[in-house]
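Please look through the model shown below with its charged side chains in mind, and then follow the account of how they pair and where the pairs sit.

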Amino acid sequence: MMKRETLFLKIAVFLIGTPVLALCVFGLPWLAKDVAGSELAYLIYGILVVMYVSAIPFFGALYQAIRLLSYIDKNNAFSELSVKTLKNIKYCATTITVLYVAGMPLFYLVGERDDAPGAIVIGMMFVFAPLVIAVFAAVLQKLLKNAIDIKSENDLTV
């Protein structure tokens, strides 16, 4: 029964990663060629660098999510391995947030120059989405750690 739910979640993780991989392989190079020679090119190239660099922790977090789901499959969800995996997901999401916070001035300058305030909103989306994931992973990590501690105390009393 449990493997069916984790299979669905593993497929969901794959479906989350596929468009990002396609964007990295096809979309971002097309955008780089499209803006070549324009006055905004150096700003867009900076944003593209942030996007490519942030893809590394993004795929790292997806890999950690697959690992966590495999621990659940093996009935090993309440273990230190799961806590460590959640900690890694938290670090990956925090890294993505920091990268986009550092890149926000570029989004701002593009929005100013191109008179497109939506660029700033898009940049903020890239900041807040991983931030929410980092906070959620931190909460889950703490809850899981507390559950493991309670379980080990109960095992000692028997």
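In this predicted model, K145 and D149 both belong to helix α4 and stand 4 residues apart, which means that about one helical turn separates them. The two side chains form a salt bridge in which the closest N and O atoms are 3.8 Å apart, a distance that counts because the cut-off for such a pair is 4 Å. As for their surroundings, D149 is partly exposed at a relative accessibility of 31%, and K145 is likewise partly exposed, at 32%.

K145 also has a partner in another helix, since its side chain meets that of E80 in a salt bridge with an N to O distance of 3.0 Å. Here K145 lies in α4, which covers residues 118–157, whereas E80 lies in α3, which covers residues 80–113, so this pair ties together parts that are 65 residues apart in sequence. E80 is partly exposed, with a relative accessibility of 43%. Taken together, E80, K145 and D149 are linked in a network of salt bridges.

How many salt bridges does a search of the whole structure find? The search finds 3, and one of them, between K10 and D73, has its closest N and O atoms 2.9 Å apart. K10 belongs to helix α1 (residues 2–35) and D73 to helix α2 (residues 41–73), so the contact ties together parts that are 63 residues apart in sequence. The two partners fall into separate classes of accessibility: K10, at 25% relative accessible area, is partly exposed, while D73, at 19%, counts as buried, because the limit for that class is under 20%. In general terms, side chains of opposite charge can pair when their charged atoms come close.

Helix α3, to which E80 belongs, can also be followed along its own length. With 34 residues at 1.5 Å a residue, α3 should span 50 Å, and its end C-alpha atoms are indeed 50 Å apart, so the expected and computed spans agree. The helix nevertheless has a kink of about 40° at G103, a position shortly before the proline P105. After α3 comes D115, a residue whose phi is positive, near 50°.

Notes
Residues are numbered from 1 along each chain as its sequence is written. This is a predicted model: local features need pLDDT of at least 70, side-chain atom pairs count only at pLDDT 80 or more; totals for chains, interfaces and linings use all residues. Side-chain values use heavy atoms; hydrogens and water are left out. Helices (H or I, at least four residues) and strands (E, at least two) are DSSP runs, numbered from the N terminus. Buried means under 20% relative accessible area, exposed over 50%, partly exposed in between (1.4 Å probe, protein chains only). The expected span of a helix is 1.5 Å times one less than its number of residues. The bend at a residue is the angle between axes fitted to the seven residues ending there and the seven starting there.
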